[in-house]
Amino acid sequence: MTTMQMKLFIAAATCLNFTETANAFFISPSSLTRQISAIERELNLQLFYRDNRSVRLTPAGKVLLEELTQVYDAYLHSVA
């Protein structure tokens, strides 16, 4: 997982809206969806429940959000 994928996942998991998250990063919603799907394939986990109207975190997604937020914050602190 790249640092950009970490950033995208954290933002999407916090916002729970792929369109808003994509807009915040100036990418298309389909590009964000591809990045999230790539993370899910890499980890072999479903991170979001998706339907046409909403996005929710799975239990695995909730754990990853907690852990990855700490890892990403530590990364930012170490390179600052």
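**Exercise 1. Work out whether Ile 10 counts as buried or exposed, then find what Ile 10 touches.**

Step 1. Ile 10 has a relative accessibility of 15%, so Ile 10 counts as buried. The cut-off you need here is under 20% for buried. Keep in mind that you're working with a predicted model.

Step 2. Now place the residue: Ile 10 sits in helix 1.

Step 3. Next, look for its partners. Skipping residues up to four places away in sequence, Ile 10 touches Leu 65, Leu 68, Thr 69 and Tyr 72.

Step 4. Try a distance too. From C-alpha to C-alpha, Ile 10 and Pro 59 lie 15 Å apart in space, and in sequence they are 49 residues apart.

**Exercise 2. Describe how helix 1 and helix 4 pack.**

Step 1. What do you need to look up? Two packed helices are described by the angle between their axes and the distance between those axes.

Step 2. Find the two helices: helix 1 covers residues 3–15 and helix 4 covers residues 59–79. They pack at an angle of about 130°, and their axes are 10 Å apart.

Step 3. Put a word to that angle: it makes helix 1 oblique to helix 4.

Step 4. Add the handedness. The crossing of helix 1 and helix 4 is left-handed.

Step 5. List who does the touching. Helix 1 brings Thr 3, Met 6, Lys 7, Phe 9, Ile 10, Ala 13 and Thr 14 to the contact, while helix 4 brings Gly 61, Leu 64, Leu 65, Leu 68, Thr 69, Tyr 72 and Tyr 75.

Step 6. Sort them by class: the contact of helix 1 with helix 4 has nine nonpolar, four polar and one charged residues.

**Exercise 3. Find the side chain that shares a polar contact with Glu 40.**

Step 1. Start with location: Glu 40 is in helix 3, residues 29–43.

Step 2. Check accessibility. Glu 40 comes out at 11%, so Glu 40 counts as buried.

Step 3. Scan its contacts, ignoring residues up to four places away in sequence: Glu 40 touches Leu 45, Gln 46, Leu 47, Phe 48 and Arg 50.

Step 4. Pick out the partner. The side chains of Glu 40 and Arg 50 are joined by a polar contact of 3.0 Å.

**Exercise 4. Say which helix holds Thr 21, and list the contacts of Thr 21.**

Step 1. Thr 21 belongs to helix 2, residues 18–24.

Step 2. With a relative accessibility of 3%, Thr 21 counts as buried.

Step 3. Leave out neighbours within four places in sequence, and Thr 21 is in contact with Leu 8, Ala 11, Ala 12, Cys 15 and Leu 32.

Methods: Residues are numbered from 1 along each chain as its sequence is written. This is a predicted model: local features need pLDDT of at least 70, side-chain atom pairs count only at pLDDT 80 or more; totals for chains, interfaces and linings use all residues. Side-chain values use heavy atoms; hydrogens and water are left out. Axes are lines fitted to C-alpha atoms, for helices over the stretch in contact, and angles run from 0 to 180 degrees between N-to-C directions. Helices (H or I, at least four residues) and strands (E, at least two) are DSSP runs, numbered from the N terminus. Angles under 35 degrees count as roughly parallel, over 145 as roughly antiparallel, 65 to 115 as roughly perpendicular and the rest as oblique. A crossing is left-handed if the near helix is turned anticlockwise from the far one by less than a right angle, and right-handed if clockwise. Contact means heavy atoms within 4.5 Å. Ala, Val, Leu, Ile, Met, Phe, Trp, Tyr, Cys and Pro count as nonpolar, Asp, Glu, Lys and Arg as charged, and the others, Gly among them, as polar. Buried means under 20% relative accessible area, exposed over 50%, partly exposed in between (1.4 Å probe, protein chains only). A polar contact is a pair of N or O atoms within 3.5 Å; within protein, one must be able to donate a hydrogen and the other to accept it, and residues adjacent in sequence count only if both atoms are side-chain atoms.
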